[in-house]
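Please open the model in your viewer and keep the selection panel at hand. The stops below are meant to be followed in order.

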Amino acid sequence: MSEQIIAVDLGGTQIRAARYDSELNILQRESTLTQAAQGPQATVKRMKAYIDKVMPADRAEVQGIGISSPGPLNPKTGVVIAPPNLPGWDNVPLGDMIADTFELPVYVANDANVAALAEASKGAAQGCRHVVYITVSTGIGSGIISDGRLVSGQAGLAAELGHIPVIVETNKVSSIELEAAGPAIARRAQAALSEGAASMLPELVAGDLKRIDARTVGKAAAAGDALSIATLAHAGRVIGLAIVTTVLLFNPEIVVVGGGVTKTGDLLFAPMRQAVADHILDGAFVKDLRIERAALGDDVALVGAAALVATAGGNLDISELDKRF
């Protein structure tokens, strides 16, 4: 029986490769810069080199290779379509390119879907069969597990919660991501300052408002800055409304929220939870619902890529993971 799994996290900044045992315990980890500007061929060559670094001497011991990649992509074909942070990656057959070299099963999935598997296997949603995972960072992504199986849709493009359209003003259509992701938080704070709002934010960036980002807003909010607190509260309410949508559609046991913006803690989570309470159709929908911060941190993509292999690309029931532990 194959007892080891190779996991790869393809990010806009870093490529990370790791080897896991059958219980998803990490055995080895390596990393390098993505250097995405050099294009897909050079990036895939680096990926292969780092897969080699973590590959055991006997490949027969390896069940497969799991890859977490930015989307959009098609997990059924392993083709990466056009990720914003990987320039030149237009319909790149990443799965086949890796499989042709290593002659092992290769599974490729959107990083947010992979993260949902990770949190369900080793994180905040362990033991749950109905899971919504939301990441709030530079963008907003999501992954959904319904009755133990990853929801992918007919072309693998399901669960793009961040791009759900919302009307924010009369006749102005925006989206969850454009209203609540990290850049949106920065833009909202910058706009308020430009209109004369009082805040400590200009001090933190030496008067250069273009340097304000979500991390700056979080730092100021933690220090009691009213504008920053209100800006994070707006983002929290928008994400809370997105949670209401997923609760009404999928009736999950748990909603796990991860990503860099969640480092602001209750400044984001309190208004998020309040929005769910204020706008849910009926209390029965949230009677047993948990809304939790993600548990796996930076390891979420690698753990999820390993879980992707263990569930044959998310096609097997996550109970298959329980049999390993």
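The tour below proceeds by selection, with a description of what is to be found at each stop. The coordinates are those of a predicted model.

**Stop 1: a buried arginine**

Select Arg19, which belongs to strand β2 (residues 14-21). Which side chain of opposite charge is nearest to Arg19? It is that of Glu61, at 6.3 Å. Arg19 is buried and has no salt bridge, because a salt bridge requires a side-chain nitrogen of Lys or Arg within 4 Å of a carboxyl oxygen of Asp or Glu. Now display the backbone of Val54: its oxygen lies 2.8 Å from a polar atom of the Arg19 side chain. To see the surroundings, add the residues that Arg19 touches beyond four places in sequence, among them Gln4, Ile5, Ile6, Asn25 and Pro56. Val54 also belongs to this set of contacts.

**Stop 2: the nonpolar cores**

Next, select Ile134, Leu201, Ile243, Val255, Val257, Met272 and Ile291, the residues with the most contacts inside the largest nonpolar core, which has 40 residues. Several elements each supply at least two residues of this core, including the strands β8 (131-136), β9 (140-146) and β13 (254-258) and the helices α5 (182-194) and α9 (266-279). Which element gives the most to this core? It is α8, with nine residues. Centre the view on Ile243: leaving aside residues up to four places away in sequence, Ile243 touches Ile134, Val255, Val257, Met272, Val276 and Ile291. A second core of 33 residues is separate from the one just shown; Ala125, Ile254, Ala307 and Leu321 are among its members.

**Stop 3: salt bridges**

Turn now to the charged side chains. Side chains of opposite charge can pair when their charged atoms come close. How many salt bridges are counted in the model? The count comes to seven.

Begin with Asp299 and Arg29, whose side chains meet in a salt bridge with an N to O distance of 2.8 Å. Asp299 is in the loop between β14 (290-293) and α10 (300-310), and Arg29 is in strand β3 (residues 26-33), so the pair ties together parts that are 270 residues apart in sequence. Asp299 counts as partly exposed, at 30% relative accessibility, and Arg29 is likewise partly exposed, at 38%.

Move to Asp52 and Arg59, another salt-bridged pair, at 3.7 Å from N to O. Both fall in the partly exposed class: Asp52 has a relative accessibility of 44%, and Arg59 has one of 34%.

Then select Arg129 and Asp147, where the closest N and O atoms of the salt bridge are 3.4 Å apart. This pair links distant parts of the chain, 18 residues apart: Arg129 is in the loop between α3 (111-122) and β8, while Asp147 is in the loop between β9 and β10 (149-150). Arg129 is partly exposed, with a relative accessible area of 29%; Asp147 is partly exposed at 45%. Add Asp317 to the selection: salt bridges with shared partners join Arg129, Asp147 and Asp317 into one network.

**Stop 4: the loop before α10, and α10 itself**

Select Asp298, in the loop between β14 and α10. Is Asp298 buried or exposed? At 67% relative accessibility, Asp298 counts as exposed. Add Gly259, which is 39 residues away from Asp298 along the chain; the C-alpha atoms of the two are separated by 9.0 Å.

Continue into α10. Eleven of the eleven residues of α10 are buried, so the helix is largely enclosed by the rest of the structure. Val300, Leu302, Gly304 and Leu308 are among these buried residues. Just after α10, inspect the backbone of Ala312, where phi is positive, at about 55°.

**Stop 5: an open hairpin**

Finally, select strand β11 (residues 165-169). The number of buried residues among its five is zero, so β11 lies largely in the open. Which strand pairs with β11? Its partner is β12 (residues 172-175), in the antiparallel sense and over four bridges. Within this pairing, Glu169 has Lys172 of β12 as its bridge partner. The two strands form a hairpin with two residues between them. In the turn, Asn171 has a positive phi of about 65°.

Methods
Residues numbered from 1 in each chain as written. Predicted model: local features only at pLDDT ≥ 70, side-chain atom pairs only at ≥ 80, totals over all residues. Heavy atoms only, no water. Buried < 20%, exposed > 50% of the residue type's maximum accessible area, 1.4 Å probe, protein only. Lys, Arg positive; Asp, Glu negative; His and termini not counted. Polar contact = N/O pair within 3.5 Å; in protein donor to acceptor, adjacent residues only side chain to side chain. Contact = heavy atoms within 4.5 Å. Core = buried A, V, L, I, M, F, W, Y, C linked by side-chain atoms within 4.5 Å. Pairing = 2+ DSSP bridges.
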